Amino acid sequence: INAEYMGVLIMNGSPLDAEMRLTGTIPRSIFALPRLEFLSLQFNELEGHLDDFSKMKSLRSLHLNDNKLNGSIHFKSLLKTLTKPIVVTELNKFGEEMEVAYPKEDLHLHFENNQFTGTIAGGVAELSALTELGLGNNQFTGYIPPKFNGQLQWRWYPENATALAHNAWLPPVADWAEELGAEATELQITRAMPAVVARPKANVTLTGENFQDVEGIHCAFMAAPAGIGGPCEDPACITAPATLRPDGVTYDCAAADIAHMLGTVHVTLAFVADSFLTAGSKTHIIANSVPITVYEPRPVVYEVRPAVSRWQGCSTLTVVGDQFANTGAHLHCLFDGVNGTRTPARFLNRTAVTCPTPPLATPNQSRLFVPVPVSVTPNAGNSTATGRATFTYIPYCPLTRVAGPAGEHCPCGQCE
């Protein structure tokens with residue numbers, strides 16, 4: 001490959017251009033050519049992903065349309081490349097060589113008729129020198145950047161709407177998103193912590209990607225998930241101000257009043273728009289949602305049934321109390337002083353849960369009866385119920401059950 005021919009890629013002695021019936025993938029070495037200005041591989045059968053564009057410093061025309069390319073496009077590196085000036089060596093009036101930087105003009109980007117996925121970076125719409133852009137007939141998702149406007153003149157499609165058609169775009173971005181800014185419509189939440197919280201107040205942190213320090217962003221708590229762009233209105237959606245940490249990937253949510261919510265609650269980010277600029281709903285969802293579990297505060301334990309069972313464990317214990325909540329895998333029974341003190345609990349109702357008893361760690365033959373306090377935690381040990389009941393370990397199953405079939409006191413069928 002000779003890349004020294006007027007900035008045009010030469011392969012096998014001929015300019016590499018369209019309709020050469022090329023197959024396979026685009027070599028990574030092409031993406032490492034700093035002097036390449038024009039690359040046209042349109043109307044071929046190329047497959048695979050595109051590499052990073054950061055080394056293609058001179059690129060200003062890219063025609064990859066009508067292939068079988070897939071994956072996401074590295075828009076951030078592409079934008080960085082397109083905004084770099086072209087540096088050339090010229091002679092000054094004294095006959096001395098000097099480097100002169102010229103801004104790139106008449107930028108062309110053609111990705112239409114492929115299988116690309118992912119979102120479109122909002123910065124694409126900020127390229128004032130962009131005169132051709134084709135994105136249609138792919139699998140792009142997310143918003144069409146709100147600042148796309150009539151400055152773009154589409155070569156292959158005379159109407160702007162057609163050049164973007166046949167993707168999986170979300171509904172058109174409204175004026176609230178224009179106020180928020182294109183870059184903040186790409187927020188992605190990966191986790192909410194803690195995953196289990198007690199009502200009536202929720203203090204949650206959100207981690208993710210593309211977070212922005214923009215005034216008006218709030219944490220939102222919803223009983224049911226809503227799509228990006230949808231309204232967030234009380235009481236179905238409760239908001240609390242979000243503060244971005246210096247790490248740029250974490251929002252701290254102010255305490256939200258979720259007293260009327262219980263069970264699975266979906267946490268997302270919402271933007272509270274300026275009421276003077278936005279018609280209709282003032283608050284809109286701007287990110288995906290992640291679930292948390294909301295439970296009643298501090299359950300209460302009254303008693304355990306049965307109150308005694310064998311040292312070997314494996315008995316099913318019913319804990320009776322109040323304000324138990326179905327927190328799924330986070331719900332446990334706690335056995336103080338027993339090896340592996342936490343065992344998974346199964347939610348029955350607000351007043352009862354069941355759990356297996358663990359074996360006694362070091363049975364003491366001289367001490368036949370070993371009392372153990374039992375409690376319940378709705379969030380894997382981060383907090384426990386108010387009050388505890390006493391469960392007693394004994395060396396044998398109750399005499400009334402020895403002669404009969406294994407039952408409530410010996411669910412493993414190993415009465416001794």
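Student: Which residues of β20 are buried on one side, and which on the other?
Tutor: In this predicted model, strand β20 spans residues 217-222, and six of its six residues are buried. In a regular strand the side chains alternate between the two faces of the sheet. Both faces of β20 are covered, with Ile217, Cys219 and Phe221 buried on one side and His218, Ala220 and Met222 on the other.

Student: Which residue of β24 stands opposite alanine 220?
Tutor: Strand β24 comprises residues 263-272 and runs antiparallel to β20, to which six bridges join it. Across from alanine 220 in β24 stands threonine 268.

Student: What is the bridge partner of alanine 220 in β21?
Tutor: Strand β21, residues 237-244, is also antiparallel to β20, and five bridges connect the two. In β21, alanine 220 is partnered by threonine 239.

Student: How are the rings of phenylalanine 75 and phenylalanine 111 arranged, stacked or edge-to-face?
Tutor: The count of aromatic pairs comes to seven. For phenylalanine 75 and phenylalanine 111, the ring centres are 6.2 Å apart and the planes meet at 80°. Planes over 60 degrees apart count as edge-to-face, so the arrangement of this pair is edge-to-face.

Student: How many residues apart in sequence are the parts that this pair ties together?
Tutor: Phenylalanine 75 belongs to helix α1 (residues 75-82), whereas phenylalanine 111 sits in the loop between β11 (107-110) and β12 (115-117). The pair therefore ties together parts whose separation in sequence is 36 residues.

Student: Which residues form one aromatic cluster with Phe75?
Tutor: Phenylalanine 75 and phenylalanine 111 are both buried. The aromatic cluster that contains Phe75 is completed by Phe111, Phe116 and Phe140.

Notes:
Residues numbered from 1 in each chain as written. Predicted model: local features only at pLDDT ≥ 70, side-chain atom pairs only at ≥ 80, totals over all residues. Heavy atoms only, no water. Phe/Tyr/Trp six-rings, centres within 6.5 Å; stacked < 30°, edge-to-face > 60°. Helix = DSSP H or I, 4+ residues; strand = E, 2+ residues; numbered from the N terminus. Buried < 20%, exposed > 50% of the residue type's maximum accessible area, 1.4 Å probe, protein only. Pairing = 2+ DSSP bridges.
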